[in-house]
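Hello,

I am passing on to you the structure we talked about, and below it you will find some notes on what turned up in it. Please keep the structure open beside the text while you read.

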Amino acid sequence: MRLKQCFWFGALLAFCVASAGQASGASIGKADDIASGASGNTVFFGRYPQTDQGREGADPAPSGTEYVDWITDSYVNSHEAAVTRYYTIDPIEWRVLSKADGKIFLLSEKILDAKPYHTSNVPVTWEESTVRAWLNGYEAGEDADSFLDRAFASNEAGAIAQTPLVNADNPTFSTPGGNDTTDRIFFLSIAEAKKTEYGFESAGDDDDSRKSRNTGYAERIINGIPDAGDPDFWWLRSPG
């Protein structure tokens, strides 16, 4: 089992989506991208707050809401006192890891959010974690504002496949992985993050192909994480 740690690691997300044209939502109109996506390419699918446009009361002020989508978010962290900031809601860029059987397997290019693996300091597996619930909109989630509902229009969400996941024990420490699950959105496992077939440069522990960088929105979530555009840690679903 896995203990919840103090770290709010970044959410670098994976899922399988139908490669037929209906996978695209009207929000960004990238049906051709999804249908033709090949391993190593990137596609755009769904939208999420990403670009930090500045804080309320700043001089100069954010330029306004014309032609862009905005979200405001108040927070308290080490960057500054409690303020309201403005973020544009941008198309999400995904890396194509594989394409087979009418589906493509996607991994987010950027760290989109920052969440603890579990919100209580108790032993937990991926199956029981609050971050799994938040990603997929399960009732046990830490809030009702799930990533699935927030990032995708209804027709986009409908194209995301239910994927059977193997939650293996940790290969080094034998930490139990718990039951296998079936999820629409998930973190990579240790084994998946080492697959050279997915375009990772090696099966070793460190290479540039696994680096991911914070968005402006993710960078503002919690104290002390690297700035927008800088590499940061990201969760795997594997234990230990």
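**Charged pairs and the core**

The side chains of R237 and E192 come together in a salt bridge, with 2.9 Å from N to O. Please bear in mind from here on that this is a predicted model. The R237 and E192 pair links distant parts of the chain, since R237 sits in the segment after α6 (216-219) while E192 belongs to helix α5 (residues 190-193), and the two are 45 residues apart. R237 counts as buried, with a relative accessibility of 2%, and E192 is buried as well, with a relative accessible area of 15%.

How many salt bridges does the structure hold? There are five of them, and I describe two others here, with a general point to keep in mind: side chains of opposite charge can pair when their charged atoms come close.

One of these joins the side chains of E109 and R95, at 2.7 Å from N to O. Because E109 lies in the loop between β6 (103-108) and β7 (110-111), and R95 lies in strand β5 (residues 80-100), this salt bridge ties together parts that are 14 residues apart in sequence. Are the two partners buried or exposed? E109 is partly exposed, its relative accessible area being 24%, whereas R95, at 15% relative accessibility, counts as buried.

Another salt bridge is formed by the side chains of D208 and K211, with 3.3 Å from N to O. Here D208 counts as exposed, at 53% relative accessibility, and K211 is partly exposed, with a relative accessible area of 44%.

Turning to the nonpolar residues, the largest nonpolar core has 45 residues, and those with the most contacts inside it are F15, W94, F147, F152 and L188. Which elements give two or more residues to this core? They are β2 (14-18), β3 (42-55), β5, β6, α2 (130-136), α3 (147-151) and α6, and it is β5 that gives the most, with five residues. Strand β5 is also where R95 of the salt bridge with E109 lies.

F147 is a good residue on which to end, as it is among those with the most contacts inside the core. If residues up to four places away in sequence are not counted, F147 touches L13, Y48, I92, L112, W134, L135, F152 and I185. One of these, F152, is itself listed among the residues with the most contacts inside the core.

Best wishes

Key:
Residues are numbered from 1 along each chain as its sequence is written. This is a predicted model: local features need pLDDT of at least 70, side-chain atom pairs count only at pLDDT 80 or more; totals for chains, interfaces and linings use all residues. Side-chain values use heavy atoms; hydrogens and water are left out. A salt bridge is a side-chain nitrogen of Lys or Arg within 4 Å of a carboxyl oxygen of Asp or Glu. Helices (H or I, at least four residues) and strands (E, at least two) are DSSP runs, numbered from the N terminus. Buried means under 20% relative accessible area, exposed over 50%, partly exposed in between (1.4 Å probe, protein chains only). A nonpolar core is a set of buried Ala, Val, Leu, Ile, Met, Phe, Trp, Tyr and Cys residues joined through side-chain atoms within 4.5 Å. Contact means heavy atoms within 4.5 Å.
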